[in-house]
Amino acid sequence: MAQLVPAGRSVADIGTGDGKLAAWLAAAGHRVIATENKPGPRAEALRLLGPQGIECRLGEGLQPIQPSEVDVAVIAGMGGPPIPRLLAGSPELVPSPEALALQPRAPSAAPIAEPPRPRSPSPPRAAVAPP
């Protein structure tokens, strides 16, 4: 997932969870703002992110992010149905980033690694990057 973020861009990691993606993005040179919607998970993420100087804001979806504050918003690792709900909850922010990097979790709760390969010759399909 991190490979989808263009170099030098500021990033919002929406629903950061354990904070590992936000930490990796910061280590790769991105300015990162993480968000989490519950105080307990936010506190857990801050244990990893705080010492690295990465801000983790409390709030639902894109709401903790100001318009034009980041270049890329990443929503990864959560179920597919919440993603459109999060985007719909902040319509004024959705067009603000240059890009949205979205990666829903498969129903089995396993991250999507890449789409199945076609059996007949056809144009190549883009792979979905793992986190």
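Here are some notes on how this predicted model is put together.

1. Start with the overall layout. The chain holds three helices and five strands. Reading from the N terminus, you meet them in the order β-α-β-α-β-β-α-β. It helps to keep that string in mind while you turn the model around.

2. Now for the inside and the outside. Of the 131 residues in the chain, 35% are buried. The chain exposes about 7400 Å², and 59% of that area is supplied by carbon and sulfur atoms.

3. How far apart in sequence are the residues that touch? Take the contacts between residues at least 6 apart in sequence: 55% of them join residues at least 24 apart. Worth remembering when you scan the sequence from left to right.

4. Next, look for the largest nonpolar core, which has 18 residues. Met1, Val5, Leu21, Leu25, Leu49 and Val74 are the ones with the most contacts inside this core. Four elements give it two or more residues: helix 1 (20-27), strand 2 (32-36), helix 2 (39-49) and strand 4 (72-79). Helix 1 provides the largest share, with four residues.

5. There is also a second, separate core, made of 13 residues. Ala12, Ile33, Ile65 and Ile83 are among them. Try colouring the two cores separately on your screen.

6. Helix 1 deserves a stop of its own. Which of its residues are buried? They are Leu21, Ala22, Ala23 and Leu25. The cover over the buried residues of this helix includes strand 1 (11-14), strand 2, helix 2 and strand 4.

7. Leu21 is a handy residue to zoom in on. Leaving aside residues up to four places away in sequence, Leu21 touches Met1, Ala2, Asp13 and Val74. Two of these names, Met1 and Val74, also appear in the list of residues with the most contacts inside the largest core.

8. Just past the end of helix 1, check the backbone: Gly29 has a positive phi of about 100°.

9. Last, a backbone angle to look at twice. Most residues other than glycine have a negative phi. Ser68 goes the other way, with a positive phi near 65°. Where does Ser68 sit? You will find Ser68 in the loop between strand 3 (55-58) and strand 4. Is Ser68 buried or exposed? Its relative accessible area is 62%, and the cut-off for exposed is over 50%, so Ser68 counts as exposed.

Definitions and conventions: Residues numbered from 1 in each chain as written. Predicted model: local features only at pLDDT ≥ 70, side-chain atom pairs only at ≥ 80, totals over all residues. Heavy atoms only, no water. Core = buried A, V, L, I, M, F, W, Y, C linked by side-chain atoms within 4.5 Å. Buried < 20%, exposed > 50% of the residue type's maximum accessible area, 1.4 Å probe, protein only. Contact = heavy atoms within 4.5 Å. Areas by Shrake-Rupley, 256 points an atom, 1.4 Å probe, with all protein chains shown as cover.
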